[in-house]
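Visitor: Please give me a close look at one part of this model. Internal cavities interest me, and after that whatever else is worth a look.

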Amino acid sequence: MHNFAYVRATDPLHAVSVLRREAGARLIAGGTDLLNLMKDGIEHPDPIVDISRLPLTGIERRPEGLRIGALARMSDVAADPGTRQGYPAITQALELSASPQLRTMATMGGNLVQRTRCPYFRADQDLPCNKRRPGSGCAALDRGHPATALFGAGRHCAATHPSDLAVALTALDATVTVLGPTGERVVALERLHRLPGQRPHRDTVLEHHEMITRIDIPASLLAPMSCFIKVRERASYAFALVSVAAAVVTDGPVIRAAALALGGVAPRPWRLRVAENALMGVRLEPAAMRAAIEPALAEARAHAGNAYKIELIKRAVLRALNAAGRQEAP
Amino acid sequence: MADTTHSVTLMVNGTRHGIRVEPRVTLLDALREVIGLTGTKKGCDRGECGACTVQWNGRRINACSTLAVMHDNDEITTVEGLAGDGQPHPMQRAFLARDAFQCGYCTAGQLMSAVACVAEGHTGSDEEIREWMSGNLCRCGAYANIVAAVRDASASTPPTGGQGGPVA
């Protein structure tokens, strides 16, 4: 790694003031993504601002919903009984992420701003990648790489976002509170991550001098009826090919309300509102649900490399809807 | 050349170490290269193999994926700290009895991870053990015997609950 200066933040405002003052500064919390980006020469922060000891680790169940500090460790949230009972998709997403060791180190906020796993972005040599080096091209699109997005891709970049937690939070209408030098603002999870468009090097809507301080998930009838499933090449410890966060409230055999978000197939978790609306009044049965969701997935844009994901998405969605509505293991 | 080192105190296996390191020195390199505790191994140096698993304030972490400067005054336990009073730790005994290693390179990390896995209460079945030990790779493929060893050790060790439990 390159040499860099190290500053330990005394409080959140100190952290964002250093970010504001130093164009090269980056925050470090768990460090599980940042240190690899540095070891591979993808990022060269200086200074590093250590926020790992700031007291933003609370996990609170309130009448309005669940409030989680951005620096809560993934493992602590996963082990929290109130979260498991009231927001099971979050617990499941966390427990399916990474490895036990990484989960004890990584924070909720850091997980949301982790960067894409696209192999061209992550290469330890400088390959065409507009996200890493704007204007250098996109080898993933040129080569039809299977990991490219089916939704929300641009002509310059088709990278997908790897966070499982973000998918569960998107389905449950979560928001993040973001602190800057002049105060706070609230950003819906659904709008946190940018589509690549003309500026693929900007992953999120956060300004350089901003820091996520907490995550809020509103209480709802759907939240306790949620689940998260992950389809991947290995049984454990791998990123998703396709993931689904679903929540279903039924009235007898019929769906009353649903929430659905996809992971692994877009630059941000992909909320399927058209499918959610189509599912209202539909029986919680595979054939009926499949007919309801298929038109909603027509917007997928696939090439030979990732076309296999279209059917995979449908089957994963059906499995997730069933498990969510019945609160059974998928 | 300006001195860019920081003074860091690490409590390792109950002993206080005052070291001076650049910020870019990982906890793993501090333990091995500065303090001289080479029991913890560098397998991948990117958080993917678990060979560098140590305990930090009672939690299992990958020492390669964090910086020494971030752990000032923290308690770290390495594999050298498992045995007590010259006697092998029950997990070490179980690994020996079950022949749970071949080349031994992943073993320190497997032991540290397994001890925490038991303390966390994630050893209710072989399937659960495999899932909750999935952060530790073994290229020799000793997995079946590792799972058996963890199962045996777990049966004779009550879980302490949560992640703040002591190295039991």
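Guide: What follows starts with the cavities, then turns to one helix and to a second chain. Keep in mind that this is a predicted model.

How many cavities does a search of the whole structure find at 30 Å³ or more? It finds four. Take the largest. Its space comes to about 120 Å³. Fifteen residues line this cavity. Those nearest the centre are A:Lys131, A:Ala159, A:Arg194, A:Asp203 and A:Pro267. By class, the lining holds six nonpolar, four polar and five charged residues.

Now the second largest cavity. Around its centre, the closest of 16 lining residues are A:Cys118, A:Cys129, A:Cys138, A:Cys157 and A:Ala159. A:Ala159 thus appears in both lists, for the largest cavity and for the second largest. The volume of the second largest cavity is about 90 Å³. Its lining is made up of 11 nonpolar residues, four polar and one charged. Two helices of chain A, helix 8 (119–122) and helix 9 (139–142), each contribute at least two residues to this lining.

Next, helix 13 of chain A. It covers residues 308–326, 19 in number. What span should such a helix have? At 1.5 Å a residue the expected value is 27 Å, and the C-alpha atoms at its ends lie 28 Å apart, so the two agree. Buried positions run along this helix. They are A:Lys309, A:Ile313, A:Lys314, A:Ala316, A:Val317, A:Leu318, A:Ala320, A:Leu321, A:Ala323, A:Ala324 and A:Gly325. In an α-helix, with 3.6 residues a turn, residues three or four places apart point the same way. What covers the buried residues of helix 13? The cover includes strand 9 (226–231), strand 10 (242–251) and strand 11 (254–263) of chain A. It also includes helix 11 (273–279) and helix 12 (286–293) of chain A. After helix 13 comes A:Gln327, with a positive phi near 50 degrees.

Last, chain B. It has five helices and five strands. From the N terminus the order is β-β-α-β-β-β-α-α-α-α. Its C-alpha atoms fill a box of roughly 55 × 30 × 30 Å along the principal axes. The radius of gyration is 16 Å, and a compact globule of 168 residues would have one near 15 Å, so chain B agrees with that rule. Of its 168 residues, 52% count as buried. Among its contacts between residues at least 6 apart in sequence, 58% join residues at least 24 apart.

Note on methods
Residues numbered from 1 in each chain as written. Chains lettered and ligands numbered in written order. Predicted model: local features only at pLDDT ≥ 70, side-chain atom pairs only at ≥ 80, totals over all residues. Heavy atoms only, no water. 1 Å grid on protein atoms, 1.4 Å probe; cavity = no way out; pocket = protein on both sides within 12 Å on 5 of 7 lines; lining within 4 Å. Points joined across faces, edges and corners; volume = space filled by probe spheres on them. Nonpolar A, V, L, I, M, F, W, Y, C, P; charged D, E, K, R; others polar. Helix = DSSP H or I, 4+ residues; strand = E, 2+ residues; numbered from the N terminus. Expected span 1.5 Å × (residues − 1). Buried < 20%, exposed > 50% of the residue type's maximum accessible area, 1.4 Å probe, protein only. Contact = heavy atoms within 4.5 Å. Rg over C-alpha atoms; globule rule 2.2 N^0.38 Å.
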